[in-house]
Amino acid sequence: MIWQCSWQLAILFFSSHGHDALPECAEELEDCEEDPEVLQLLQTELRVLDGPAAGRAHTRSPMQDLVAWLDLTDDAKDLRFSEPPSPHAAQAKSAQEKVSIQSALFTLGCLMTFLPPLLGISLTLLGVSIRKKSGLYHGLKAWIQNANFLSNAELSLRGGFFAVLAALPFVVPSLNYLWQGKFFDYSVLTMYIFTLFKSVGETIHNAFASMLGTMLAVANIWVLYGFFPADSQDGGSVRLYVAAIDGVCFAVAIIMLQVPNTLRMFALSSHAYFMMSFFDPKGGKGFIADSGFKVSMEGEAVHTLVLSGIGAGCAVLATLLPSPIFALDKARDTAEGLSRTILTSWEEAVTLYLADNYSSRLNDCLKRDVQKLRLDLLALDQHLTNSWWECLGIGRPQQVRNILQQLAHALRELYNRLSTALCAAEDQEYSKARRELMQHMAPHLRSLVLEASCLLDTVVDAAMDGVLDADEAALVKTQQERTLAAIASLTKAFGEHVSHYEEELSDEYGFCLACCAYGRIAVNFSKTFDEIPELDLPTPAFLLDLAQMHGKVHWNFVLRHSVAIGLSFLIGYYGVGASVLTPYSAGCAVTVALLMNTGLGTSMRKNLGRLQGVVLGQVFGQIAYVLFAWCSVAGHVKVGASLFLWEALALYTYYSSVEFGYTACLMAAFAPKNLLHGCTDDPADLNAANTYGSIVASAIGISIMSAVDLCLARQRVSDAACERLDLAWSAYREALVKLFDPSVTHIRFHHGELLRLFAEVAEMGDSADNEPRLWRTPWKRSLFEAVVKAGNELLQNLCSMESAFAINGCDGSPKSEVLQWLCKMPAFQKVKDDILEYVDQFYCLFGIFKHTTEDGFFDKALADEGSDSKLQNIKQDITRLCLELEAQHVTDMGKEEMNSLERRAVCQIGVFLTCLQTQLSVLCSLKNEMLTS
């Protein structure tokens, strides 16, 4: 039979050729498989033939392999006996797949680097604004009644979700080949966490800075490997010397330039890793493809850029989806809230001044609103700065930004006027003359405030889109006329009742002038739409500051961080013992780079917070990895869930807590380092001791930073706070001198400068409370805060005087005739000299913050001051000035028509005396508080 011949030939062929002939015998025996009886007979004959051979050896013989093959199923036969590819073919296929994966990742990295920021900018330029929240949001807000909590919670949930999305290869089993082939790692999450922040503008700015820093480090190492290829050791010691000089110069240059701190962090962290790889004899393998000035997707340089781009792009997407969180929308919302609070506060101020008796409840409500206004004004400035990155200074959004900037300026002036009126209201004397004046002015004051409020409200609504349509323009025009008419009516009524200056009515004169200023500011702001505001130059602000490398504080910053990174790099280069920190470890230097700060020095509390954040993040990552990272669907789900929960909770703390925010940020950034290592089924790989080296490296880096800050800080933070306080106080005194100096013919407003200085003082005071005092007495935080509060009150009154005495109430305007006339009065000169002398006393009083022992400071410092007599002299001089003004029967100066109380001499003098007495009261209260501390 044919089949007998087939299997007999197959047996003979297989016996003579061994295992290699098995597939060919299988082809010969295909026909035999069709008959079960033949197949059974064949198996029996084969076992008989192979019996002696099987007894002589412990391994399977060729005959046994053939028997085993006959027992296999069809699928198993195809798998086992398919012809294996040759080694060259397998390598070619593997290389082709690798190039394909790298090309796909490179494309994804480019898309994620550019598309999300361009999408955010395009949405802004197209006028997309998501200011109306969903019904669910309003329902939650009504239930929780905390909008700040909702916004932070929403962003943290977004952050957790997009963190999982950025780590998708570690969560989806079908993408495991990405981390198995080392195409993907945790660095994506590091870039993501440090880039993501509270708005699209801030996140795009962080993405730009972080990517630019990474690109600079990549370009530097690419040039270095261009001259000294990774696969060649040519150059010897010259190679190492050139690398050392290059590394130092690059690091010092990045630290020295005035660039965003995010740029410094990623430039130096990438630079430290690259340079350590360059020095490590075994660490340059990843850069072979980049050597010789080649650009390859297989190289470590391009790989770093790709992963960084993916992380930065995911961060931008987190602020865009499901709905954009625009800084410009936040600026609009803040401006609307500010205008509503301003309108309400002015109506309450009119009610307070027109009341027959002082209302402490209404005064307290006004104080609360004024405090909220100050914080909201600072927030508005910040939102407007961040919104530049959403429109790049072009288009309709930029016009909206400029209009909102002018609105912020107007609201700031109204805030100063309101603060002055509020301070004056506390010392009101409800005399008969006051009641008669206010009763006569009451309807005109209410009418003016109502018309100005309607005008401001209308214009603010129109300012949200940056343009007035025809209906809005007509309404604004009508409201302007009504407001101007109300100003003229108030001025006329005031002239009918007031013929000369009376000292007891100074506060009322000043308040009536402030109401006219309210109307004038509203009208001036409404005219903003008559001309398109000049656009800002489309240049990032930090590019204009690159060359501003002056000041002892900046050079001390350069020294401290250069030494810290240098020492950490050297320790990582040599290592610490065989089991503590292995040589050529970049972890120390990378940690120092990622924890850079621009402050004067780092407090012990902040350093401990850094250590907590870095260690807790890595420990949690390792624990979650040990518990969940098994190669199963459930294991991947658990890794994704733990990553989401950890990042969401840490990011919420980061966004909402002032004290623990930075620590929470580090916990979020360092957890993926040990969590995202891929999965495994080998328990030996899930060893918690694997995280020991990274924790040691981080701890060494933080210890180096702490030691360098302690040894090389230019001065203690408390001393720097005292120095900045003296600077702010000197700026306030100089502003007073210029205001009352007859040789200075124009008035420059100092609100912005002084507000910034006192804000810096407050920040340094908080930092000083955290520094270790050792043998020194505790930092007097509450007293320092009282000084800052008093400084802000003095600033408000100073700005009210500057606005009152500036013609047209504009910055840079000439001084009014009234002020020029006052400056020539001997009594006024005496008051000015006494006030400045009293202000100078505080330079001595501020020495209490530098006093570090228990002995009495004031007993020695103020033994010969005679401060009580000086205060009495000032009050007497102010009284003589008022009497002289009353005796001269001050009348209006100039011949032009008086259509506003802002040009009436008695009102300007009223503002001057009110603000002067308020400042004197603030200084007196501050001095008493300091003496009794």
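## A buried alanine in H19

Setting aside residues within four places of it in sequence, Ala463 makes contact with Val400, Ile403, Phe525 and Phe529. This is a predicted model, and in it Ala463 belongs to helix H19, which covers residues 432-463. With a relative accessible area of 0%, Ala463 counts as buried, because the cut-off for that label is under 20%.

Ala463 also pairs up in space with a residue well along the chain: 65 residues separate it from Thr528 in sequence, while their C-alpha atoms are 9.5 Å apart.

## How far to trust the model

Averaged over the chain, the pLDDT comes out at 81, and 80% of the residues score at least 70. Confidence peaks in helix H10 (residues 187-195), at a mean of 96, and is lowest in helix H5 (residues 74-81), where the mean is 46.

Two stretches drop below a pLDDT of 50. One is residues 52-60, which has six contacts in the model beyond near neighbours in sequence. The other is residues 75-82, with eleven such contacts.

## Gln618 and its neighbours

Buried or exposed: which is Gln618? Gln618 is buried, because its relative accessibility is 0%. You'll find Gln618 in helix H24, residues 604-628.

Not counting residues up to four places away in sequence, Gln618 touches a string of partners. They are Phe670, Ala671, Lys673, Asn674, Thr691, Ser694, Ile695 and Ser698.

## An enclosed helix: H30

Helix H30 runs over residues 781-805, 25 residues in all. From first C-alpha to last, H30 reaches 36 Å, close to the 36 Å expected at 1.5 Å a residue.

Why is H30 described as largely enclosed by the rest of the structure? Because 20 of its 25 residues are buried.

## A nonpolar patch

Leu111, Phe114, Leu115 and Leu118 together make a nonpolar surface patch of about 390 Å². Take Phe114 as a way in: this residue sits in helix H6, residues 87-125. Phe114 counts as partly exposed because its relative accessibility is 48%, and the partly exposed class falls between 20% and 50%.

## Backbone oddities

Most residues other than glycine have a negative phi, and most peptide bonds are trans. A few spots here go the other way.

Lys182 isn't a glycine, yet its phi is positive, at about 60°. Lys182 is in the loop between helix H9 (176-180) and H10, and it counts as exposed because its relative accessibility is 70%. Tyr584, also a residue other than glycine, has a positive phi near 60°. Its place is the loop between helix H22 (552-574) and helix H23 (587-594), and at 30% relative accessibility Tyr584 counts as partly exposed. Then there's a cis peptide bond, from Leu321 to Pro322, with omega near 0°. Pro322 lies in the loop between helix H14 (300-320) and helix H15 (327-354).

## Asp364 across from Leu422

Asp364 is part of helix H16, residues 360-386. Its relative accessibility of 46% is why Asp364 counts as partly exposed. How many residues lie between Asp364 and Leu422 in sequence terms, and how many Å apart are they in space? They are 58 residues apart in sequence and 9.8 Å apart in space, C-alpha to C-alpha.

Terms used:
Residues are numbered from 1 along each chain as its sequence is written. This is a predicted model: local features need pLDDT of at least 70, side-chain atom pairs count only at pLDDT 80 or more; totals for chains, interfaces and linings use all residues. Side-chain values use heavy atoms; hydrogens and water are left out. Patches are made of residues with over 30% relative accessible area and no salt bridge: like charges are joined within 9 Å, nonpolar side chains (Val, Leu, Ile, Met, Phe, Trp, Tyr) within 5 Å. Accessible areas come from the Shrake-Rupley method with a 1.4 Å probe; for residues, only the protein chains shown count as cover. A salt bridge is a side-chain nitrogen of Lys or Arg within 4 Å of a carboxyl oxygen of Asp or Glu. Helices (H or I, at least four residues) and strands (E, at least two) are DSSP runs, numbered from the N terminus. Buried means under 20% relative accessible area, exposed over 50%, partly exposed in between (1.4 Å probe, protein chains only). pLDDT is the predictor's confidence in each residue, from 0 to 100. Contact means heavy atoms within 4.5 Å. The expected span of a helix is 1.5 Å times one less than its number of residues.
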